[in-house]
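Dear colleague,

Please find below the structure that I am handing over to you. I would be grateful if you kept it in view while reading the notes that come after it.

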Amino acid sequence: MDIISIGFKDIMDILLVGGLLYYIFKLMRKSGSLPAFVGIMVFIVVWLLVSQVFEMRLLGSIFDKLVSVGVLALIILFQDEIRRFLFTIGAQRSSSLFNMFFKKEQTGHKTNQSILAIVMSAMNMGKQRIGALIVIERNSPLDDIVQTGEELDAILSQRLIENIFFKNSPLHDGAMIIAKDRIKAAGCILPIAHQGAQISKRFGLRHRAAVGISQECDALAITVSEETGRIAVAVHGQLFTNLSAQQLEDKLTEELIKDEFDFKMEAHKAE
């Protein structure tokens, strides 16, 4: 009778595969593609049982052909999820040590002045019932979104934000992209939130677009309702609504300033 021996490498292999599957599971759940992921896992389990356990040659060969063709089909079907997965990996703080070898200095691009300009402009637009959608780029690049609007590359200021979203402005309907303390583009088109997102029917396309972009990447989206003037923030697929000026400032500080501070602290510890 053969004795099955499990070594350290086998344990690490199992843990890594389990961690990878769990990470993909969370990603699919956020994107609303969880049923497809479950279906793929069921197919893989059946394929392994047929080919490895029961050793059914004919049925196993059919499954093998389906798997070889299915890999290409899955890449085409889940190209958005795969791109988001790769962006998320590159944006993890665990890559801070890797970045240190390529960046001599990590400078902060989200400052208190920028947050104050965004908060003040959002409050003024809310009082005047001016709709707005502001997206703040973080680790994941938004070049594809920028190309859908008008590239500006302008200095971030309260007056410029309010002028762009003024009702007679040709760029007020789209989204504004802010990156590295600059207004990168305006009038941009954002993806709508996936069906799996829990969004109340009272919210319109502006809020759904904010949640959608926060699902696609690690960007932070701020909305000002044209009907009510209320302010909301979408982060990681979650929508925080009816925020006051202080709450908005605290949320932006928590997500932006603290995020950079943690990154710098981890980089310092790595040294």
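The notes below go from the whole chain to its cores, two of its helices and its surface.

This is a predicted model, in which local features need pLDDT of at least 70 and side-chain atom pairs count only at pLDDT 80 or more, while totals for chains, interfaces and linings use all residues. Residues are numbered from 1 along each chain as its sequence is written, and side-chain values use heavy atoms, with hydrogens and water left out.

The protein chain has ten helices and seven strands; helices (H or I, at least four residues) and strands (E, at least two) are DSSP runs, numbered from the N terminus. Of its 271 residues, 36% are buried, where buried means under 20% relative accessible area, exposed over 50% and partly exposed in between (1.4 Å probe, protein chains only).

A nonpolar core is a set of buried Ala, Val, Leu, Ile, Met, Phe, Trp, Tyr and Cys residues joined through side-chain atoms within 4.5 Å. The largest one has 28 residues, and Ile118, Ile161, Phe165, Ile222, Leu248 and Leu252 touch the most other members. Helix 6 (112-127) and helix 10 (245-270) are among the elements that give two or more residues to this core. Helix 6 contributes the most, with five residues. Apart from this core lies another, of 19 residues, including Leu142 and Val211.

Helix 6 has 16 residues and reaches 23 Å from its first C-alpha to its last, close to the 22 Å expected at 1.5 Å a residue; the expected span is 1.5 Å times one less than the number of residues. Its buried residues include Ile118 and Met125. Just after helix 6, Arg129 takes a positive phi of about 60°.

Helix 9 (residues 205-216) is mostly covered, with ten of its twelve residues buried. Val211 is one of those buried residues. The end C-alpha atoms of helix 9 are 16 Å apart, in agreement with the expected 16 Å.

On the surface, twelve residues need not all be named here: Phe43, Leu49 and Leu66 are among those forming a nonpolar patch with about 1,100 Å² of accessible area together. Such areas come from the Shrake-Rupley method with a 1.4 Å probe; for residues, only the protein chains shown count as cover. Patches are made of residues with over 30% relative accessible area and no salt bridge (a side-chain nitrogen of Lys or Arg within 4 Å of a carboxyl oxygen of Asp or Glu); like charges are joined within 9 Å, and nonpolar side chains (Val, Leu, Ile, Met, Phe, Trp, Tyr) within 5 Å. Helix 2 supplies the largest share of the patch, six residues.

Yours faithfully
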